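Work through the following exercises with the coordinates open beside you. Each task sentence is followed by a solution that proceeds step by step.

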Amino acid sequence: MTLRLGDVAPDFEQDSSLGKINFYDWAGASWVVLFSHPADFTPVCTTELGLTSKLKSQFEQRGVKVIALSVDPADKHQEWIKDINETQNTVVGFPIIADADRKVSELYDLIHPNASATATVRSLFVIDPAKKVRLIITYPASTGRNFDEILRVIDSLQLTDNYSVATPGNWKDGEDVVIVPSLQDEAVLKQKFPKGYKAIRPYLRLTPQPNRD
């Protein structure tokens, strides 16, 4: 199965470091970050899981739940978590899916034969409360994920879902945003953007970021 942006994220039931998980039930009405790892006790992934744990409050502020996946069994996850906690000076509180039978890996297209016929690639999915896939990033094994970028994309998605705007390159929360080209009625523009806007080109109009509700 190949997942693309806008697809419904597949539901599943699978064992994890925190016991059996039904994905949809666990996710509830939250945004979700689901990210995969090729195996336990891998160095880059150890640093990533530690960093994710330290960013717990950042994810919670955005209404985001985090869940990891590795193809090793749950008892091995428990031993790995001890290492992560000790080496990264944190406490991992989110679940790590135990995908020994590759069931979830197949659902989420994590086996790329040209990379490895058995190990999962290091993909990350952002899934919205409607269970739609909104972001997919796949990293090479040698490069750790940039979680500042992941948080930035979540900020952009949550903002642009609620307002008629898009976010420019390198945008960060609080900076000017772009008014979508389809919005042309001046009365509507004044109502939606009371702080006004700057038209650099007819299709490129910058406005201060709307206040979050």
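**Exercise 1. Determine which strands α2 lies across, and place that helix and α6 relative to the sheet.**

Helix α2 lies across β3 (31-37), β4, β5 and β6 (122-127), and runs at about 160° to β3. Helix α6 (residues 147-162) also packs on the sheet, where α6 touches β3, β4, β6 and β7, with a direction that makes about 150° with that of β3. Helices (H or I, at least four residues) and strands (E, at least two) are DSSP runs numbered from the N terminus; contact means heavy atoms within 4.5 Å; axes are lines fitted to C-alpha atoms, for helices over the stretch in contact, and angles run from 0 to 180 degrees between N-to-C directions.

The model is predicted, so that local features need pLDDT of at least 70 and side-chain atom pairs count only at pLDDT 80 or more, while totals for chains, interfaces and linings use all residues. Residues are numbered from 1 along each chain as its sequence is written, and side-chain values use heavy atoms, with hydrogens and water left out.

**Exercise 2. Work out the strand order of the open sheet and the pairing around β4.**

Step one is the order: the open sheet has five strands, arranged β5-β4-β3-β6-β7 with mixed pairing. The edge strands are β5 (96-98) and β7 (133-139), each of which pairs on one side only, and the twist averages 20° from one strand to the next.

Step two is the pairing, where two strands pair if DSSP finds at least two bridges between them. Strands β3 and β4 pair in the parallel sense over seven bridges, with V66 in β4 as the bridge partner of V33. Strand β4 (residues 64-70) and β5 run parallel and are joined by three bridges; here A68 stands opposite I96, and S70 has A98 as its bridge partner.

Step three is burial, for which buried means under 20% relative accessible area, exposed over 50%, and partly exposed in between (1.4 Å probe, protein chains only). Six of the seven residues of β4 are buried, and the strand is mostly covered.

**Exercise 3. Describe how the axes of α2 and α4 cross, and which residues make the contact.**

The axes of α2 (residues 43-54) and α4 (residues 74-88) come within 9 Å and cross at roughly 70°. The two helices are therefore roughly perpendicular, a class that covers 65 to 115 degrees, whereas angles under 35 count as roughly parallel, over 145 as roughly antiparallel and the rest as oblique. From α2 the contact uses C45, T46, T47, L49, G50 and K54, and from α4 it uses W80, I84, T87 and Q88.

**Exercise 4. Establish whether Q209 is buried or exposed, and what its side chain reaches.**

Q209 sits in the segment after β11 (204-207), and counts as buried because its relative accessibility is 11%. The side chain of Q209 reaches the backbone nitrogen of G174 at 2.6 Å. Leaving aside residues up to four places away in sequence, Q209 touches several residues, including L159, W171, G174 and K195.

P208 lies in that segment after β11 as well, but is partly exposed, with a relative accessible area of 32%. P208 and E175 are 33 residues apart in sequence, yet their C-alpha atoms are 6.7 Å apart in space.

Finally, β11 pairs with β10 (residues 198-201) in the antiparallel sense over three bridges, with a hairpin of two residues joining β10 to β11.

Technical notes: A polar contact is a pair of N or O atoms within 3.5 Å; within protein, one must be able to donate a hydrogen and the other to accept it, and residues adjacent in sequence count only if both atoms are side-chain atoms.
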